[in-house]
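Hi everyone, thanks for coming. Let me walk you through a structure that may be new to you, so have a look at it while I talk.

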Amino acid sequence: MTFARECWPFVLPFALGALILALLGRPAAAGVVAVLGLGVLLFFRNPSRSYSGPEEILLAAADGVVTLVDEVEDPDVAPGRMRRVVTFLSVFDVHVQRAPTSGRVVASRLFRGAKVAAFREDAGKVNEQQLTVIERNDGVRVGVRQIAGLLARRVVGYLREGDEPRRGDLMGVIKFGSRVDVVVPLGYEILVKKGDRMRCGETPIARPAGTAAAP
């Protein structure tokens, strides 16, 4: 298992504090600080994930629980109505995100905003968020919104316009509790429902209507 590079500014102070406490002859306090540091490190874990199904299948961009599947208008992604899958990430979930599809990044924008609880209905409109739009080779556009939550202090997007990620490639991280929305064309069939638990880069979430079922 590897860890997102953003972990070190948070983890190293715990490691240094534990070392100092140990040198001062306070092993119990050093142990507590070390355990806290380990917990922070695990927050940034990046487990290996893979999926070998058909290329047209879209995968989950985030670990977590599906809290909403609906239809929206999102002109920053594409004109017209689209389908949206909303995933809530607790502090115990993996917080790196992965590209749901292969293609070319045609938009990568950071929107500054508030930091209300990620499960609130209006969080997707008012919270700080990073929007990444990937255009597939067939011209279909898929949007991913990494949305900060009440405890999340920063959204980090790795992809920039012109990048060509493969499905399952790392695309960013949200620090400490958050939400991720995936927006797909209206003609796609959604393969998950409210309450489902997903694994980024592994769980099929959508496919073009009429295509074969995901394995």
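Please find Ile134 first: this residue stands opposite Val142 in strand 9. What you have on screen is a predicted model, by the way. The two strands involved here, strand 8 and strand 9, pair in the antiparallel sense, over 7 bridges. Together they make a hairpin with 5 residues between them. In that turn sits Gly139, with a positive phi of about 90 degrees.

Strand 8 has a partner in strand 7 too, residues 104–111, again antiparallel and joined by 7 bridges. If you would like a pair to click on, Leu110 has Gln130 in strand 8 as its bridge partner. And is strand 8 mostly covered or open? Of its 7 residues, 6 are buried, so it is mostly covered.

Let's turn to the other sheet I want to show you. It is an open sheet of 3 strands in the order 6-11-10, with antiparallel pairing. Which strands are at the edges? Those are strand 6 and strand 10, residues 155–157, each pairing on one side only. Neighbouring strands in this sheet are turned by 20 degrees against each other on average, ignoring direction. Strand 6 is joined to strand 11 by 3 bridges, and Val96 stands opposite Val173 of strand 11.

Now for the inside. The largest nonpolar core has 27 residues. Which residues have the most contacts inside this core? They are Val184 and Ile205. Several strands give two or more residues to the core: strand 5 (81–89), strand 9 (141–148), strand 11 (170–174), strand 12 (178–185), strand 13 (188–190) and strand 15 (204–208). Apart from this core lies another one, of 11 residues, which include Ala4, Val40, Val96 and Val156. You have met Val96 already, as the residue opposite Val173.

Let me stay with Val184 for a moment. Leaving out residues up to four places away in sequence, Val184 touches Leu58, Met82, Arg83, Val142, Ile190 and Ala206. Val142 is where we began, facing Ile134.

There is a buried polar residue to show you as well. Ser178 is found in strand 12. Its relative accessibility is 0%, so Ser178 counts as buried. The side chain of Ser178 makes a polar contact with the side chain of His95, at 3.4 Å.

On to charges. Side chains of opposite charge can pair when their charged atoms come close. How many salt bridges are there here? The count comes to 15. One of them joins the side chains of Asp70 and Arg84, at 2.7 Å from N to O. Because Asp70 is in strand 4 (residues 64–73) and Arg84 is in strand 5, this pair ties together parts that are 14 residues apart in sequence. Asp70 is partly exposed, at 21% relative accessibility, while Arg84, at 17%, counts as buried. What does this pair belong to? Salt bridges with shared partners join Asp70, Arg84, Arg179 and Asp181 into one network.

Another salt bridge is formed by Arg197 and Asp93, whose closest N and O atoms are 2.8 Å apart. This pair links distant parts of the chain, 104 residues apart: Arg197 is in strand 14 (residues 197–198), and Asp93 is in the loop between strand 5 and strand 6. Arg197 is exposed, with a relative accessible area of 53%, whereas Asp93 is buried, at 8%.

A third one to look up is Glu202 with Arg199, at 2.6 Å from N to O. Glu202 is partly exposed at 27%, and Arg199 is partly exposed at 39%.

My last stop is Glu55, in the loop between strand 2 (45–46) and strand 3 (58–59). Glu55 is partly exposed, with a relative accessible area of 36%. Which residues is Glu55 in contact with, leaving aside its neighbours within four places in sequence? They are Ser102, Arg136, Arg166 and Arg167. With Ser102 there is a polar contact between side chains, at 2.9 Å. Glu55 and Thr101 are 46 residues apart in sequence, and their C-alpha atoms are 7.8 Å apart in space.

That's my tour, and thanks for listening!

Methods: Residues numbered from 1 in each chain as written. Predicted model: local features only at pLDDT ≥ 70, side-chain atom pairs only at ≥ 80, totals over all residues. Heavy atoms only, no water. Core = buried A, V, L, I, M, F, W, Y, C linked by side-chain atoms within 4.5 Å. Buried < 20%, exposed > 50% of the residue type's maximum accessible area, 1.4 Å probe, protein only. Helix = DSSP H or I, 4+ residues; strand = E, 2+ residues; numbered from the N terminus. Contact = heavy atoms within 4.5 Å. Polar contact = N/O pair within 3.5 Å; in protein donor to acceptor, adjacent residues only side chain to side chain. Salt bridge = Lys/Arg side-chain N within 4 Å of Asp/Glu carboxyl O. Pairing = 2+ DSSP bridges. Axes fitted to C-alpha atoms, helices over the stretch in contact; angles between N-to-C directions.
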